[in-house]
Amino acid sequence: MVQYRQRVEAAAKHLQQRVGAPPRVGILTGTGLGESAGALTVHDSFDYGEIPHFPVSTVESHRGRLLFGDFGGVPVTIMQGRIHLYEGYSPLEVTFPIRVMRQLGVSDLILTNAAGGFDTTCRPGDIMLITDQINLTGTNALIGPNEADWGIRFPDMNQVYAPDLQALARTGAESCGIRLREGVYAGLTGPSLETPAEVRYLKAIGADAVGFSTVQEAIVAVHAGMRVLGLSILTNINDPDRPVPATVEEIIAVANQAAPRLEALIREVLRRMARRG
Ligand code: HPA
């Protein structure tokens, strides 16, 4: 079997030979958000299946394309559709694209997702800035041999979500008139949604929202020395005292509705990054 490192390098080389300017920012889009590339000037596009060793998303609401282009004046790569643990992929596979992005020169990573919120003053469709995370997936993408030139064995996790990018998101949201929520994201494997008892537990341990992605990607990005911005669309509000059934159709519909606002916010953040240099 080809070693993980060689697979990452082969995928990166394939892309490097085909794309123009190296991307500075990587953007991962999740449920219903894969279309939020409307404002991107696309220079190159690849189906995951045509990139050597790249994992292929099996979720219908995820597109499975890697785009390269210009967004808000910044060279970016956008992953339309991510890979999840619940699809049966390993943490190494889930984070393979992050390693590839790093090889391509990406220094800043924007992770977006759909999440269930716990604050009953929030409305479905609100956007939450992720300020910290709790990895409850029971695994970690850094388990196994450490590639010393990729990062250190025991990376510090005090500031997973870069304070300066959080500040850009706050000011960017203000200038677009978006009410930005803030909170801690708890990452589970899914795919079963949370019971009311699990929601009470998650609230008690300090989580403000829950979802089935993001935490592994953020861990690997920090390991690789990337700066991370996390944005959740709160597609449903989970109140354990008044539980209402959540369906994936509703979650996707709300995410789709909120996507243009998320896109506007990301564009604003990128503009500010471009200005800052
Ligand atoms: N739980 C987990 N993942 C989610 C949810 C939820 O309530 N909503 C959107 N993604």
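Where in the chain does Asp-239 lie? The exercises below work through this predicted model.

**Exercise 1. Place Asp-239 and describe its surroundings.**

Step 1. Asp-239 belongs to the loop between β9 (227-237) and α7.
Step 2. Its relative accessible area is 16%. Buried means under 20%, so Asp-239 counts as buried.
Step 3. The side chain of Asp-239 reaches a backbone atom: the nitrogen of Asp-241, at 3.0 Å.

**Exercise 2. Locate Arg-272, classify its accessibility and list its contacts.**

Step 1. Arg-272 sits in helix α7, which covers residues 248-276.
Step 2. With 18% relative accessibility, Arg-272 is classed as buried.
Step 3. Leaving aside residues up to four places away in sequence, Arg-272 touches Leu-168, Thr-171, Gly-172 and Ser-175.

**Exercise 3. Find the polar contacts made by the side chain of Asn-113, and describe the partner Thr-214.**

Step 1. Asn-113 is part of strand β5 (residues 108-117).
Step 2. A relative accessible area of 1% makes Asn-113 buried.
Step 3. One polar contact joins the side chain of Asn-113 to the side chain of Thr-214, at 2.8 Å. Another joins the Asn-113 side chain to that of Ser-232, at 2.7 Å.
Step 4. Thr-214 is placed in the loop between β8 (209-211) and α6. Thr-214 is buried, with a relative accessible area of 0%.
Step 5. The backbone of Thr-214 has a positive phi of about 75 degrees, although Thr-214 is not a glycine.
Step 6. Asn-113 also has a sequence-distant neighbour in Gly-30: the two are 83 residues apart in sequence, but their C-alpha atoms are 4.7 Å apart in space.

**Exercise 4. How many disulfides does the structure hold, and why is Cys-122 not bonded to Cys-176?**

Step 1. A disulfide is a covalent bond between the sulfur atoms of two cysteines.
Step 2. The cut-off for the sulfur pair is 2.5 Å.
Step 3. For Cys-122, the closest cysteine sulfur is in Cys-176, 18 Å away, so the distance is too far for a bond. Starting from Cys-176, the closest cysteine sulfur is that of Cys-122, again at 18 Å.
Step 4. The count of disulfides is therefore zero.
Step 5. The accessibility classes of the two cysteines can be added: Cys-122 is buried at 5% relative accessible area, whereas Cys-176 is partly exposed at 30%.

**Exercise 5. Describe the largest cavity by volume and lining.**

Step 1. The structure holds one cavity of 30 Å³ or more.
Step 2. The volume of the largest cavity is about 60 Å³. Its lining consists of 13 residues, and those closest to the centre are Leu-85, Val-94, Phe-212, Ser-213 and Gln-216.
Step 3. Helix α6 (residues 215-223) gives the largest share of this lining, three residues.
Step 4. Sorted by class, the cavity lining has six nonpolar, six polar and one charged residues.

**Exercise 6. Describe the second largest pocket in the terms used for the cavity.**

Step 1. The volume of the second largest pocket is about 250 Å³.
Step 2. The pocket is lined by 14 residues, and Tyr-4, Leu-92, Gly-144, Pro-145 and Glu-147 lie nearest its centre.
Step 3. The lining of the second largest pocket splits into seven nonpolar, four polar and three charged residues.

**Exercise 7. Is helix α3 mostly covered or mostly open, and what follows it in the chain?**

Step 1. Helix α3 spans residues 96-104 and is mostly covered, with seven of its nine residues buried.
Step 2. The buried residues of α3 are Phe-96, Pro-97, Ile-98, Arg-99, Val-100, Met-101 and Leu-104.
Step 3. Just after α3 comes Gly-105, whose phi is positive at about 110 degrees.

**Exercise 8. Examine the backbone at His-53 and at Pro-191.**

Step 1. His-53 has a positive phi near 70 degrees and is a residue other than glycine.
Step 2. His-53 is found in the loop between β2 (41-47) and β3 (65-71). A relative accessible area of 38% makes His-53 partly exposed.
Step 3. At Pro-191 the point of interest is omega: the peptide bond from Gly-190 to Pro-191 is cis, with omega near 5 degrees.
Step 4. Pro-191 lies in the loop between β7 (180-187) and α5 (196-204).

Terms used:
Residues are numbered from 1 along each chain as its sequence is written. This is a predicted model: local features need pLDDT of at least 70, side-chain atom pairs count only at pLDDT 80 or more; totals for chains, interfaces and linings use all residues. Side-chain values use heavy atoms; hydrogens and water are left out. On a 1 Å grid over the protein atoms alone, a cavity is a set of points where a 1.4 Å probe fits but cannot get out, and a pocket is an open set with protein on both sides within 12 Å along at least five of seven lines; lining residues have an atom within 4 Å of a point. Grid points are joined across faces, edges and corners, and a volume is the space filled by probe spheres set on the points. Ala, Val, Leu, Ile, Met, Phe, Trp, Tyr, Cys and Pro count as nonpolar, Asp, Glu, Lys and Arg as charged, and the others, Gly among them, as polar. Helices (H or I, at least four residues) and strands (E, at least two) are DSSP runs, numbered from the N terminus. Buried means under 20% relative accessible area, exposed over 50%, partly exposed in between (1.4 Å probe, protein chains only). A polar contact is a pair of N or O atoms within 3.5 Å; within protein, one must be able to donate a hydrogen and the other to accept it, and residues adjacent in sequence count only if both atoms are side-chain atoms. Contact means heavy atoms within 4.5 Å.
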